[in-house]
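Student: I would like to work through this structure with you, moving from its sheets to its cavities and then to single residues. Could we take it one question at a time?

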Amino acid sequence: MWEMRSTPEALRQRYLEEGFWTDDTFDSFLEREIGSEPELAFRVWSDTRPFEGRTRDLWIQGLCLATSLKRIGLRQGDVVAFQAPNWAESIVTVVAGFRLGCVMVPIVHFYGAKEVEFILRQSGARAYVTVDQHAHVSHLENLASFRDKVDSLEYVIAIRTGGPLPEVRGLHEFTPLLEAPPLEAKLAIDPDAAAMIGYTSGTTADPKGVIHTHRSLLFETRQLAALDKTPKPVFSASPIAHMTGMLASFLLPTIRHLPIHLTDRWDPELALRVILEADVSAGAGATVFLTSLLDSPNFTAEHARRIRISGLGGAPVPAAVGERAETAGIRIFRSYGSTEHPSITGSHSDDPFEKRALTDGKAMEGVEIRLVDPDGDGESEVEPGMPGEIFSRGPDLCAGYTDATLTATAFDAEGWYRTGDVAIQDEDGFITISDRVSDIIIRGGQNISAAEIEEALMTMPAVTECAVVAAPDDRLGERALAAIRLRPDTAQPTLEAIQQHLGEAGLPKQKWVESLRFLDDFPRTPSGKIRKVVLRDELKRG
């Protein structure tokens with residue numbers, strides 16, 4: 001269905017010979033790992049849909065759902081999108097989809113109609129598993145607004161949380177589908193086939209579909225599992241309906257044979273209670289999870305003793321956070337990657353403080369990196385100690401985008417991926433991200449497209465030109481800052497007015513700008529293009 005990029009043959013052979021790539025598929029992986037420790041606890045700490053059981057229970061329910069999905073018409077290779085909170089049903093859906101050999105497309109539960117329509121249409125989803133309503137979002141009402149625009153979509157499976165479900169073409173209720181017998185028959189699944197498509201914001205206004213195979217994501221799972229040598233169960237809010245959350249909240253505890261503790265809404269006070277009650281860790285992932293715990297007046301030395309170690313990534317990690325965590329008795333270690341290449345660099349929990357807390361780590365096992373002149377031809381590597389754009393390749397690198405034109409731009413014939421991030425490398429090989437060529441803001445671990453916000457801002461009558469960039473944020477890592485040039489003789493709009501406009505334009509609250517600067521002009525290239533690298537530097541310096 002998609003034109004996946006080819007891994008150069010020499011790299012492919014090396015990955016196979018060194019055991020980075022195996023013939024495992026997600027179906028065989030889950031059956032083996034869950035089957036080896038079937039009594040492990042699985043708990044969802046939720047006010048709306050709590051659950052307490054065993055991983056074996058979810059595995060069996062997943063096989064039952066697979067039987068029902070097969071009966072209604074789903075087949076190997078079909079695309080199954082799912083948009084649900086961190087509930088048991090999300091795990092059941094993933095198990096079922098992989099048993100059928102489907103391509104899974106996670107969609108974070110707070111995405112609205114605009115993003116969901118694009119993802120379903122662009123991925124060619126044949127089935128969509130969702131919840132009727134969660135928090136303030138009615139997913140089935142959103143679906144009804146664009147249902148006829150998604151030609152590929154045949155089946156809608158809804159998790160009912162309240163009253164009767166509305167009339168929707170192709171609708172099936174989730175719970176009755178679990179009454180079928182388990183699907184024991186296994187399919188011959190190609191480990192080089194697409195397994196999951198993660199949608200991420202970037203330099204384009206629309207999300208980019210990133211294709212991962214069974215080989216790439218399963219290597220990534222094993223690679224991450226090696227970072228913390230003495231892991232303990234983690235209380236996690238990272239959404240399973242997102243590729244990084246799938247890894248952190250489900251795949252990592254599965255391969256480590258640890259109990260799984262999830263929540264559908266991050267609440268620091270709940271997390272502090274769970275840490276003590278269930279004797280688990282918390283605060284890993286995006287910086288905001290850890291800082292919100294440290295900020296609580298109820299945080300104690302007992303919490304720090306149980307957290308012990310926290311791996312941070314997915315968003316910028318201010319140096320002050322590492323120092324604060326260490327003072328509290330928590331050893332942090334940082335890592336760096338993206339949806340396209342999930343783990344490019346990383347440190348270990350036993351590395352020296354200045355390496356694991358103040359840098360973004362060094363190349364992970366099997367990964368190669370090059371630092372290239374950001375303004376050059378993509379070939380000229382920089383001198384040691386000089387900033388350069390990161391080019392990476394490795395066994396966990398994706399198989400390209402669902403849009404072939406994006407694949408051609410981001411990857412070269414030798415398998416190198418142009419990350420769009422600028423770093424400086426020290427004499428020990430550790431890198432520190434210093435800037436970004438790519439046009440994204442990473443807010444609390446969520447990628448936000450600057451271009452999408454800029455398009456919406458340009459529809460305001462007072463705005464003649466704008467640039468949205470990442471501004472540092474002590475809690476979230478980064479926030480969106482809009483630098484705006486106004487039309488002559490127009491009044492400066494307030495931040496509240498701009499946020500209201502963005503909401504009316506269809507952007508969810510997570511994508512609203514949170515800081516403003518009004519400029520008479522922008523730093524520019526000779527051709528007149530706004531130089532965002534210079535703009536970010538000027539804004540940092542006030």
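Tutor: The questions below concern a predicted model, and they go from sheets to cavities, a helix and some single residues.

Student: In what order do the strands of the five-stranded open sheet lie, and which strands are at its edges?
Tutor: The sheet is open and its pairing is mixed, with 5 strands in the order S2-S1-S11-S10-S12. An edge strand pairs on one side only, and that description applies to strand S2 (51-54) and strand S12 (281-282). The edge strands are therefore S2 and S12.

Student: Within that sheet, do S1 and S11 run parallel or antiparallel, and which residue stands opposite Arg43?
Tutor: Strand S1 covers residues 41-45 and strand S11 covers residues 260-263, with 4 bridges joining the two, and they run parallel. Across this pairing, the residue of S11 that stands opposite Arg43 is His261.

Student: For the open sheet that contains S13, what is the strand order, and which strands leave one side without a neighbour?
Tutor: This sheet has 4 strands, is open with mixed pairing, and follows the order S13-S14-S15-S16. Because each edge strand has a single partner strand, one of its sides is left without a neighbour in the sheet, and the strands in that position are S13 (309-312) and S16 (362-363).

Student: In what sense do S13 and S14 pair, and which residue of S14 is opposite Ile309?
Tutor: S13 pairs with strand S14 (residues 331-336) in the parallel sense, over 4 bridges. In S14, the residue opposite Ile309 is Arg331.

Student: Which residue takes a positive phi in the hairpin of S21 and S22?
Tutor: Strand S21 (residues 440-443) and strand S22 (residues 446-449) run antiparallel and are joined by 4 bridges, with Ile441 standing opposite Ile448 in S22. The hairpin has 2 residues between the strands, and the residue with a positive phi near 60° is Gly444.

Student: How many cavities of 30 Å³ or more does the structure hold, and what is the volume of the largest?
Tutor: Rolling a probe the size of a water molecule over the atoms shows where empty space is left. In this structure there are 3 cavities of 30 Å³ or more, and the volume of the largest is about 100 Å³.

Student: Which residues lie closest to the centre of the largest cavity, and which elements give two or more residues to its lining?
Tutor: Of the 16 lining residues, the closest to the centre are Ile34, Thr55, Phe250, Thr254 and Ile260. By class, the lining has 11 nonpolar, 3 polar and 2 charged residues. The elements that each give two or more residues to this lining are helix H2 (26-36), helix H3 (55-72), helix H4 (88-99) and helix H8 (243-256).

Student: Which strand gives the most to the lining of the second largest cavity?
Tutor: The second largest cavity holds about 90 Å³ of space, and Pro106, Gly198, Tyr199, Ala241 and His242 are the closest to its centre among its 13 lining residues. The lining divides into 8 nonpolar, 5 polar and no charged residues. With 3 residues, the strand that gives the most is S8 (residues 194-200).

Student: How many residues of H7 are buried, and what span does the helix reach?
Tutor: Helix H7 (residues 214-225) has 12 residues, and the buried ones include His214, Arg215 and Glu220. The buried count is 11 of the 12, so H7 is largely enclosed by the rest of the structure. From first C-alpha to last, against an expected 16 Å at 1.5 Å a residue, the helix reaches a close 17 Å.

Student: Does Phe289 count as buried or exposed, and how far is its C-alpha from that of Ala399?
Tutor: Phe289 belongs to helix H10 (residues 287-295). Because its relative accessibility is 13%, under the 20% cut-off, Phe289 counts as buried. Phe289 and Ala399 are 110 residues apart along the chain, and their C-alpha atoms are separated by 30 Å.

Student: What relative accessible area does Phe51 have?
Tutor: Phe51 lies in strand S2, and its C-alpha is 29 Å from that of Leu120, 69 residues apart in sequence. Phe51 is partly exposed, because its relative accessible area falls between the cut-offs of 20% and 50%. The value is 23%.

Technical notes
Residues are numbered from 1 along each chain as its sequence is written. This is a predicted model: local features need pLDDT of at least 70, side-chain atom pairs count only at pLDDT 80 or more; totals for chains, interfaces and linings use all residues. Side-chain values use heavy atoms; hydrogens and water are left out. On a 1 Å grid over the protein atoms alone, a cavity is a set of points where a 1.4 Å probe fits but cannot get out, and a pocket is an open set with protein on both sides within 12 Å along at least five of seven lines; lining residues have an atom within 4 Å of a point. Grid points are joined across faces, edges and corners, and a volume is the space filled by probe spheres set on the points. Ala, Val, Leu, Ile, Met, Phe, Trp, Tyr, Cys and Pro count as nonpolar, Asp, Glu, Lys and Arg as charged, and the others, Gly among them, as polar. The expected span of a helix is 1.5 Å times one less than its number of residues. Buried means under 20% relative accessible area, exposed over 50%, partly exposed in between (1.4 Å probe, protein chains only).
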